[in-house]
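Hello,

Here is the structure I promised to pass on. Please have it open while you read; my notes follow below.

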Amino acid sequence: MKHNNISSYGKGWTSMVASITLLLFGHLTHAQEGSQGNTTIFGGGQMTFFSNHNFVTGGGGAQPGVILTERAVGNFGVLNFAGDNLTSTGASDAGYVDGYVRKYGAGTFVFPVGDNGFVGQFAASADGVMGAYFHADANTAVTSNLFTGSNYAALPNGGPFPTSSMGTNVDVVSTVEYWDIDGANATPLTLTWDAGSAIGTLTNNQLNKLTIAGWDGTQWVAIPSKVDTTSVLGSSSDLTAGSITTISPLAPDIYTAYTFASLTLPLPVTLTRFTAVAEGKTALLAWTTTEETNSDRFEIERSANGKQWSRIASVSSQGDSKVLVNYSHVDASPLAGQNFYRLKMVDRDDTYAFSQIRNVSFKDEGGVTPYPNPAVDKILIRDHELVKQIDIVNTSGVKVIKNQPSSSAGIDVTKLPQGIYIMTMTLFDGTISTHKVAVTR
């Protein structure tokens with residue numbers, strides 16, 4: 001959104017330097033000497049740093065900690081950074097600009113903005129970019145007015161910005177935070193996040209679904225963007241902290257507000273058939289795809305109740321294909337009773353989707369039996385209450401589990417290497433029951 005209440009400074013920051021002093025209008029800007037030592041820029045006032053600034057040590061006429069600027073529409077204050085390749089360091093939840101920051105000059109600049117105890121930095125490179133961070137739900141767009149102790153009206157002008165109004169391929173829009181970023185010159189835009197941004201929740205722990213979204217006046221639209229391998233703040237980007245940058249430069253004025261959103265990604269495959277049928281004492285699973293894009297594998301999952309699932313096998317996919325491809329897998333050791341099966345279709349970047357569920361039933365022949373087999377994390381025992389103790393031996397004859405009592409919780413095999421084992425169960429009636437079991441990962 002373009003703001004018009006702050007006057008222009010000619011053709012760049014050089015002409016602005018000649019017209020702004022370090023502290024504009026003494027009655028509008030002052031450094032508080034209280035316990036927090038904050039600096040305040042009142043409505044209509046400006047303050048300018050002509051060199052780098054550290055929020056831990058302060059300097060340039062500002063105390064360490066938070067610099068507070070008025071946010072009210074038509075009467076807000078601004079902290080300017082004027083100079084090429086300036087940096088702002090030490091920003092944190094305890095030290096930032098609570099309000100608008102503008103940069104003049106060349107070079108990418110990380111804007112040290114925050115709101116009500118939360119830092120929320122962004123980066124841009126074009127001359128004249130200005131912006132503020134709002135730690136608020138875009139559906140109300142209301143944040144605290146620290147000057148009055150009440151709340152501002154919806155900010156910026158044009159808010160609120162309902163997150164239920166979404167453009168193509170936008171699945172979920174953040175309700176944690178948003179930014180007002182302004183400027184007529186095209187620039188790459190970078191948004192940063194920390195644990196409080198709840199990116200994992202937003203994207204269902206799939207970072208590749210993250211995008212920058214912009215409010216175009218009627219809805220949130222996805223702006224082509226890419227997660228930075230190394231964040232503009234220095235660390236590697238992951239679900240708890242990082243940054244994301246637009247793929248192409250854009251004029252920030254195009255959108256009224258910016259935030260994070262999660263994309264609806266296309267499935268890695270077009271699955272046209274998935275069946276599961278009993279063949280003797282085994283279950284035959286078969287499926288067909290007609291198109292695959294960047295597909296990596298199919299993980300076959302099985303469940304006894306349709307709620308708790310275990311991976312029993314993995315089948316490599318074709319990868320990229322536009323022709324009909326048939327796949328199959330035999331479950332040689334299905335469970336007694338109900339067997340629910342589903343396919344986890346996994347992309348090369350670990351994006352995944354699930355197929356529909358298929359069900360196969362096998363008659364319960366009685367007796368103590370280990371399942372699932374193969375097992376991933378635990379082996380359960382049917383009729384476990386009949387079993388006194390369990391021993392498991394590897395193919396070298398080493399007893400890897402011994403004298404294990406039997407219980408409904410089963411046997412934990414997460415520490416066992418993948419492979420074949422012999423399980424011996426000693427029943428309370430003295431009977432010995434031996435079974436070959438497989439552990440897979």
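**A buried asparagine**

Asn80 counts as buried, because its relative accessibility is 0% and the cut-off for buried is under 20%. The residue sits in strand β6, which covers residues 78-82. Its side chain has a partner. A polar contact of 3.3 Å links the side chain of Asn80 to that of Thr48. Bear in mind throughout that this is a predicted model.

**A threonine with many neighbours**

Next, Thr69. This residue belongs to strand β5, residues 67-69. Thr69 has a relative accessible area of 1%, so it is buried. What does its side chain meet at 3.1 Å? A polar atom of the Thr69 side chain lies 3.1 Å from the backbone nitrogen of Tyr100. Tyr100 also appears in the contact list of Thr69, which leaves aside neighbours within four places in sequence. The list runs: Ile41, Gly77, Val97, Asp98, Gly99, Tyr100, Phe147 and Tyr152.

**Two cis prolines**

Which peptide bonds should you look at? One joins Gly159 and Pro160 and is cis, with omega about 0 degrees. Pro160 is in the loop between β16 (150-151) and β17 (170-173). Another cis bond runs from Asn373 to Pro374, where omega is near 10 degrees. Pro374 is in a loop too, between β33 (369-371) and β34 (378-382).

**Two positive phi values**

Ala141 is not a glycine, yet its phi is positive, near 55 degrees. You will find Ala141 in the loop between β14 (130-134) and β15 (144-145). Is Ala141 buried or exposed? Ala141 is buried, because its relative accessible area is 0%.

Asn205 is not a glycine either, and its phi is also positive, at about 60 degrees. Its loop lies between α2 (199-203) and β20 (210-215). Asn205 has a relative accessible area of 54%, so it counts as exposed; the cut-off for exposed is over 50%.

**The whole protein**

Now step back from single residues. How many helices and strands does the protein have? There are two helices and 39 strands. The C-alpha trace spans about 95 × 50 × 40 Å along the principal axes. The radius of gyration is 30 Å, whereas a compact globule of 441 residues would have one near 22 Å.

Of the 441 residues, 48% count as buried. Take the contacts in the protein with a separation of 6 or more: residues 24 or more positions apart account for 60% of them.

The accessible surface comes to about 19600 Å². Carbon and sulfur atoms hold 51% of that surface. As for charge, the protein has 27 positive and 36 negative charges. The mean positions of the two sets are 10 Å apart.

**Where to click**

For a quick tour, begin at Asn80 in β6 and its contact with Thr48. Go on to Thr69 and the backbone nitrogen of Tyr100. Then view the cis bond at Gly159 and Pro160, and the one at Asn373 and Pro374. End with the loops that hold Ala141 and Asn205.

Best wishes

Notes:
Residues numbered from 1 in each chain as written. Predicted model: local features only at pLDDT ≥ 70, side-chain atom pairs only at ≥ 80, totals over all residues. Heavy atoms only, no water. Helix = DSSP H or I, 4+ residues; strand = E, 2+ residues; numbered from the N terminus. Rg over C-alpha atoms; globule rule 2.2 N^0.38 Å. Buried < 20%, exposed > 50% of the residue type's maximum accessible area, 1.4 Å probe, protein only. Contact = heavy atoms within 4.5 Å. Areas by Shrake-Rupley, 256 points an atom, 1.4 Å probe, with all protein chains shown as cover. Lys, Arg positive; Asp, Glu negative; His and termini not counted. Charge placed at Lys NZ, Arg CZ, Asp CG, Glu CD. Polar contact = N/O pair within 3.5 Å; in protein donor to acceptor, adjacent residues only side chain to side chain.
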